[in-house]
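Me: I have a model open on my screen and would like a close look at a single part of it. Could you pick one helix and walk me through its surroundings?

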Amino acid sequence: MGWLYDLSRMLFPVTCEVCGDALVEGEKVVCMSCDMRMPRCDFHLRPSDELSMRFAAAKISKVAALFPYIRKNEFARLIQKAKYNNRPDIGRLLGEKFSRELLPGGFFSGIDMLMPVPMHFWKQARRGYNQAYEIARGVSNVTSIPIADNLVATRSHVTQTRKSAGDRLASDAAGKLKVCYPDELEGRHILLIDDVITTGATMFACADVLRQAVPSVSLSALALAATRFRS
Ligand SMILES: [Zn+2]
């Protein structure tokens, strides 16, 4: 039924989410030319990088992000669209793409489960999906590692304007998070998944809550993008 595929593509062209050009067969979300221009973080290959070191200090053994997040950069659009444009497929497909890039280097070896950073029930109901969960679905499609739902957000966001953005994120996240069925996580290596790593505070808050509930867990982290740290 190739002709049907070609016809539907002609009538409803699927376009690159970065440059807007029509995608050809085999291309998903980004076209080949944007994919080749997309800068890569490669943190997982550079353990002495600032982000890698900060995660290592938080006892998060491996960290990977696909591309650097720079506001107003053309690639930052991918994250904004995955989050706010009712496009859960963008997170899922980029999760698949990044996993295929990481797989040959053995990044996923030893990882038992994927754990998306949770979103509070009402926020998810408003948005319709949790983009971190969609990215995890993409990773799971490629690696066959199951997605765990043991980490939940129990309380909605409370504004704390007097704190810095990083502190606010960390304290909000820690206040909201709860581990369910901690016995299922005993001795497991969990890959925390989020859309963007900014200060790392959200991931660190998840790590703290998980370690308090299950001291025997090992943790790693994956995001689609990461900002440069300003210390
Ligand atoms: Zn493009």
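Reply: Happy to! One thing to keep in mind from the start is that this is a predicted model. Let's take helix H7, which covers residues 131–143, and work outwards from there.

First, the setting. The protein chain has nine helices and six strands. Of its 231 residues, 36% are buried. Among contacts with a separation of 6 or more, 74% are between residues 24 or more positions apart.

Now to H7 itself. The helix has 13 residues, and from its first C-alpha to its last it reaches 18 Å, close to the 18 Å expected at 1.5 Å a residue. H7 is mostly covered, with ten of its 13 residues buried. The buried set runs from Gln131 through Ala132, Tyr133, Glu134, Ile135, Ala136, Arg137 and Gly138 to Val139, and also includes Thr143. As a bench biochemist you may notice that Gln131, Glu134 and Arg137 are in that buried list too.

What do these residues pack against? The buried residues of H7 pack against two helices, H4 (76–84) and H5 (88–102), and against strands S2 (113–116), S5 (189–197) and S6 (218–226).

Ala136 is a good residue to click on. Ala136 lies in H7, and it counts as buried because it has 28 C-beta neighbours inside 10 Å. Leaving aside neighbours within four places in sequence, Ala136 is in contact with Gly95, Leu114, Pro116, Ile147 and Ile193. You can also find Leu192 from here: it is 56 residues away from Ala136 along the chain, yet the two C-alpha atoms are separated by 8.9 Å.

Next, the sheet. Four strands form an open sheet in the order S1-S6-S5-S2, and the pairing is parallel. Strand S1 (60–68) and S2 stand at the edges with a single partner strand each, so one side of each has no neighbour in the sheet. From one strand to the next, the twist averages 20 degrees. S5 and S6 run parallel and are joined by eight bridges; in S6, Leu192 has Ala221 as its bridge partner. S1 and S6 also pair in the parallel sense, over six bridges, and Ala65 has Ala223 as its bridge partner in S6. S1 is mostly covered, with seven of its nine residues buried.

The helix partner to look at is H5. H5 has 15 residues and reaches 21 Å from its first C-alpha to its last, close to the 21 Å expected at 1.5 Å a residue. Its buried residues are Ile90, Gly91, Arg92, Leu93, Leu94, Gly95, Glu96, Phe98 and Ser99, and they pack against S1, H4, H7, S5 and S6. H5 lies across S1, S5 and S6, running at about 115 degrees to S1. Another helix, H9 (residues 201–213), also lies across S1, S5 and S6, and runs at about 155 degrees to S5.

Within H5, try Leu94. Leaving aside neighbours within four places in sequence, Leu94 is in contact with Val29, Leu66, Leu78, Ala82, Ile135, Gly138 and Leu224. Ile135 and Gly138 are among the buried residues of H7, so to speak the other side of the handshake between the two helices.

Several of these residues meet again in the largest nonpolar core, which has 58 residues. The members that touch the most others are Ala65, Leu94, Leu192, Ile193, Cys206, Leu224 and Ala225. This core draws at least three residues from each of domain 1 (1–37) and domain 2 (39–226).

Finally, let's leave H7 by its far end. The helix is followed by Ser144, whose phi is positive, near 65 degrees, in a residue other than glycine. Ser144 lies in the loop between H7 and strand S3 (151–153). With 8 other C-beta atoms within 10 Å, Ser144 is exposed, whereas Ala136 is buried with 28.

If you want a second residue of that kind, go to Tyr181. Its phi is near 45 degrees, again a positive value in a residue other than glycine. Tyr181 is found in the loop between strand S4 (177–179) and S5, and it is exposed, with 11 other C-beta atoms within 10 Å.

Key: Residues are numbered from 1 along each chain as its sequence is written. This is a predicted model: local features need pLDDT of at least 70, side-chain atom pairs count only at pLDDT 80 or more; totals for chains, interfaces and linings use all residues. A nonpolar core is a set of buried Ala, Val, Leu, Ile, Met, Phe, Trp, Tyr and Cys residues joined through C-beta atoms within 7 Å. A residue is buried if 20 or more other C-beta atoms lie within 10 Å of its own, exposed if 12 or fewer, and partly exposed in between; C-beta atoms are placed from the backbone. Domain bounds come from an automatic or database domain assignment. Two residues are in contact if their C-beta atoms, placed from the backbone, lie within 7 Å. The expected span of a helix is 1.5 Å times one less than its number of residues. Two strands pair if DSSP finds at least two bridges between them. Axes are lines fitted to C-alpha atoms, for helices over the stretch in contact, and angles run from 0 to 180 degrees between N-to-C directions.
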